[in-house]
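Work through the following exercises with the sequence and the model side by side. Each task is followed by a solution that goes step by step.

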Amino acid sequence: MPRRLHLQLVEPATASPSPPRPRRALRWRALLSAALLTLFYLLPWLRWEGRQALLFDLPARRFDLFGLTLWPQDLGVLLGLLAVLATGLVLLTTLAGRVWCGYGCPQTLWSALFRRIERTTARRLRHPRLARAAKHAAWALVAAWTGITFVGLFTPIQDLVDARWPSAWSAWVTFWVLFYALATWGNAGFLREQVCIDLCPFARACPSLCDADTPQVYYDARRGEPRGPRAPGQGAVMQRGRGLLDPVSANDYAFRAAHPALAGPMPRFPDDRLGDCVDCAACVQVCPMALDIRSGPHPDCIACGACVDACDAQMRASGFPTGLIGHASLNRTRQRPTRWLRPRTLTALATLLVLLGIGLHRL
């Protein structure tokens, strides 16, 4: 274990410039979000053999699924399909972490879309009131079309669009369209992190699905601490010979920086004794959950990787190696062997195979 470093205190350094935006790193995430949202909005419009490809026709008591028609007596098939999807999600979470929450969850996708609309209107329209009005108008338009699209999975969407609203819609159709539109507008516009923290049951179950071998977002405190702005051209810790801190010192500095009310103000150090974290707070600014990953792994982190991209952009701008914030399991960060096959993954995999076998046997 490396020796604990004794760092000399000096006056605070000048503030570092604002971090660059990780445009290239975020491009593929934006494309993935756009593709998933486009798929959702297109699903009700897909046709299969002259009928809507995906339709829960409740009045007719039939479910059309791309040529497969399920009737009330086929309820077991539908429940089996849901069980396969749920088991697959459990297996995916155990092996890869909260990738569903970070990349595929509707709350994440619509929150990101609403956030992008908010930033675009604020940037394009300088007058605050005009920007706020345009933002809410765009939010209302997206929310209304989302409500129509969702109801279009239960009622033929062509009938919804062709009808002259509201006179031709039934009371129930009108209610559900407005319900899902208001839910989208409220959840994605105002209750972004609260939905994940307080309302989502899957988020509460995730800690029990993950273990020390499950990848998660982590901050390398041994390399990053003590954090702080510094003059340019200092080099990374491994380049200037400072090396990595021992785990006790690194965790101590990270705790003191995250809890100044308990530990007192963080001391200042000379530039050559600082870690690679320049304390730009870019990771906090881009986090959809408003978390600071530098304070340690957090159960509410959805592992979207936004902080990873933001930190990598800052590291490249500073001339440091990337990876100060990254994805790794707890065992890997502690330099222990990582296992892919373990009791919970084998249980989930066996359950999935049994369900698939039963389904194939019935077909």
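**Exercise 1. Determine what share of the chain is buried, and describe its overall make-up.**

Step 1. Of the 363 residues in the chain, 39% are buried, where buried means under 20% relative accessible area, exposed means over 50%, and partly exposed lies in between, with a 1.4 Å probe and protein chains only. The model is a predicted one, in which local features need pLDDT of at least 70 and side-chain atom pairs count only at pLDDT 80 or more, while totals for chains, interfaces and linings use all residues. Residues are numbered from 1 along each chain as its sequence is written, and side-chain values use heavy atoms, with hydrogens and water left out.

Step 2. The secondary structure consists of 16 helices and 7 strands, taken as DSSP runs numbered from the N terminus, with H or I and at least four residues for a helix, and E and at least two for a strand.

Step 3. The C-alpha trace spans about 75 × 60 × 35 Å along its principal axes. Among contacts in the chain with a separation of 6 or more, 71% join residues 24 or more positions apart, a contact being heavy atoms within 4.5 Å.

**Exercise 2. Describe how helix 2 packs against helix 16.**

Step 1. Two packed helices are described by the angle between their axes and the distance between the axes. Here the axes of helix 2 (residues 75-96) and helix 16 (residues 343-362) come within 9 Å and cross at roughly 155 degrees; the axes are lines fitted to C-alpha atoms, for helices over the stretch in contact, and angles run from 0 to 180 degrees between N-to-C directions.

Step 2. Helix 2 and helix 16 are therefore roughly antiparallel, since angles over 145 degrees count as such, under 35 as roughly parallel, 65 to 115 as roughly perpendicular, and the rest as oblique.

Step 3. On the side of helix 2 the contact includes A83, V84, T87 and G88, and on the side of helix 16 it includes R344, T345, A348 and L349. By class, the residues of this contact divide into 10 nonpolar, 5 polar and 1 charged; Ala, Val, Leu, Ile, Met, Phe, Trp, Tyr, Cys and Pro count as nonpolar, Asp, Glu, Lys and Arg as charged, and the others, Gly among them, as polar.

**Exercise 3. Find how helix 4 is oriented to helix 7, and which residues meet.**

Step 1. The axes of helix 4 (residues 106-124) and helix 7 (residues 171-189) come within 8 Å and cross at roughly 75 degrees, which means that helix 4 is roughly perpendicular to helix 7.

Step 2. From helix 4, the residues Q107, W110, S111 and F114 meet T184, W185, N187, A188 and G189 of helix 7. This contact has 4 nonpolar, 5 polar and no charged residues.

**Exercise 4. Place C196 in its surroundings.**

Step 1. C196 lies in helix 8 (residues 192-199) and is buried, with a relative accessible area of 10%.

Step 2. Leaving aside residues up to four places away in sequence, C196 touches Q107, A203, R204 and M289. From C-alpha to C-alpha, C196 and T108 are 9.0 Å apart in space, although 88 residues separate them in sequence.

Step 3. The axes of helix 8 and helix 9 (residues 201-209) come within 5 Å and cross at roughly 55 degrees, so helix 8 is oblique to helix 9. C196, I197, D198 and L199 of helix 8 make this contact with P201, A203 and R204 of helix 9.

**Exercise 5. Count the disulfides, and explain why C101 is not bonded to C206.**

Step 1. A disulfide is a pair of cysteine sulfur atoms within 2.5 Å, and by this rule the count is 0.

Step 2. The cysteine sulfur closest to that of C101 belongs to C206 and is 4.5 Å away, which is too far for a bond. C200 is likewise in no disulfide, the nearest cysteine sulfur being that of C101 at 6.0 Å.

Step 3. C101 is buried at a relative accessible area of 6%, whereas C200 is partly exposed at 22%.

**Exercise 6. Locate the cis peptide bond.**

Step 1. The cis peptide bond joins E225 and P226, with omega about -10 degrees.

Step 2. P226 sits in the loop between helix 10 (221-224) and helix 11 (247-258).
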